[in-house]
Amino acid sequence: MSVSYFIRYEGEPEDVERFFSHYRTQHAAIMRQYPGIRACKLHHPVPWNDPVNVNKDRVLVLAELVFDDIDALNGALNAEIRMKSREDFLNFPKIIDGKISHLAVETETVF
């Protein structure tokens with residue numbers, strides 16, 4: 001098992017290209033320094049069709065930070081470098097009509 005920390009970005013940034021450029025370069029470079037982090041994955045929405053009537057999400061991107069366990073995640077969240085990533089967030093283009101949420105989950109692979 002592993003633990004993932006998801007950051008869900010909803011809405012539209014003022015400048016989409018600058019948002020992702022900043023995330024992939026400056027912001028990722030900071031997060032790479034989190035103690036115990038194994039990976040950072042960005043999940044981008046794609047067009048899809050489902051014959052069942054479902055509520056489609058309007059997520060801009062779903063960021064996933066992967067750790068070995070909850071202790072590693074908590075260590076990273078309480079590390080000094082975490083505050084630098086929060087400060088760096090102020091450098092992102094403003095997200096219009098959106099919100100950002102965080103979720104920590106334990107991942108169980110069923111198949």
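1. Strand pairing, first register. Ser4 stands opposite Val66 of strand β3. This placement belongs to a predicted model, and the points below should be read accordingly. Ser4 and Val66 sit within the pairing of β1 with β3, which runs in the antiparallel sense over eight bridges. Further along this pairing, Glu10 has Val59 of β3 as its bridge partner.

2. Strand pairing, remaining partners. β1 also pairs with β4, again in the antiparallel sense, over 11 bridges. Within β4, His102 is the bridge partner of Ile7. Strand β2, residues 37–43, pairs with β3 in the antiparallel sense over six bridges, and Leu42 has Ala63 of β3 as its bridge partner. β1 thus has pairings with β3 and with β4, while β3 has pairings with β1 and with β2.

3. Overall organisation. The protein contains three helices and four strands. Read from the N terminus, the order of elements is β-α-β-β-α-α-β. The C-alpha trace spans about 45 × 40 × 20 Å along its principal axes. Of the contacts with a separation of 6 or more, 84% are between residues 24 or more positions apart.

4. Burial. Buried residues account for 35% of the 111 residues in the protein. Two strands deserve separate mention. β1 is mostly covered, with 11 of its 12 residues buried. β3 is likewise mostly covered, with eight of its nine residues buried.

5. Phe6. This residue is found in strand β1. Phe6 counts as buried because its relative accessibility is 17%, and the cut-off for that class is under 20%. Apart from residues up to four places away in sequence, Phe6 touches His43, Leu62, Ala63, Glu64, Ser101, His102, Leu103 and Val105. The C-alpha atoms of Phe6 and Val46 are separated by 18 Å, the two residues being 40 residues apart along the chain.

6. The nonpolar core. In soluble globular proteins, nonpolar side chains tend to be buried together. The largest nonpolar core here has 23 residues, and those that touch the most other members are Tyr9, Phe19, Tyr34, Leu65 and Phe67. At least two residues of this core come from each of β1 (2–13), α1 (16–31), β3 (59–67) and α2 (70–77).

7. Phe19. Which residues does Phe19 contact once its neighbours within four places in sequence are left aside? They are Tyr9, Pro13, Leu60, Val61, Phe92, Pro93 and Ile95. One of these, Tyr9, is also listed with Phe19 among the core residues that touch the most other members.

8. Ser21. Helix α1 contains Ser21. With a relative accessibility of 40%, Ser21 counts as partly exposed, a class that lies between the 20% and 50% limits. The C-alpha atoms of Ser21 and Phe92 are separated by 9.6 Å, although these residues are 71 residues apart along the chain. Phe92 is also one of the contacts of Phe19.

9. The largest pocket. Rolling a probe the size of a water molecule over the atoms shows where empty space is left. The largest pocket has a volume of about 170 Å³. There are 14 lining residues, of which Tyr9, His27, Arg82, Arg86 and His102 are the closest to the pocket centre. Two or more lining residues are given by each of β1, α1, α3 (80–88) and β4. By residue class, the lining divides into nine nonpolar, three polar and two charged.

10. Residues shared between features. Tyr9 is among the core residues that touch the most other members and is also among the lining residues closest to the centre of the largest pocket. His102 appears in that same group of lining residues, is the bridge partner of Ile7, and is touched by Phe6.

11. Asp97, a point for inspection. Asp97 lies in strand β4, residues 95–107. Its phi is near 50°, a positive value in a residue other than glycine. Is Asp97 buried or exposed? Asp97 counts as exposed because its relative accessibility is 65%, and the cut-off for that class is over 50%.

Definitions and conventions: Residues are numbered from 1 along each chain as its sequence is written. This is a predicted model: local features need pLDDT of at least 70, side-chain atom pairs count only at pLDDT 80 or more; totals for chains, interfaces and linings use all residues. Side-chain values use heavy atoms; hydrogens and water are left out. A nonpolar core is a set of buried Ala, Val, Leu, Ile, Met, Phe, Trp, Tyr and Cys residues joined through side-chain atoms within 4.5 Å. Buried means under 20% relative accessible area, exposed over 50%, partly exposed in between (1.4 Å probe, protein chains only). Contact means heavy atoms within 4.5 Å. On a 1 Å grid over the protein atoms alone, a cavity is a set of points where a 1.4 Å probe fits but cannot get out, and a pocket is an open set with protein on both sides within 12 Å along at least five of seven lines; lining residues have an atom within 4 Å of a point. Grid points are joined across faces, edges and corners, and a volume is the space filled by probe spheres set on the points. Ala, Val, Leu, Ile, Met, Phe, Trp, Tyr, Cys and Pro count as nonpolar, Asp, Glu, Lys and Arg as charged, and the others, Gly among them, as polar. Two strands pair if DSSP finds at least two bridges between them.
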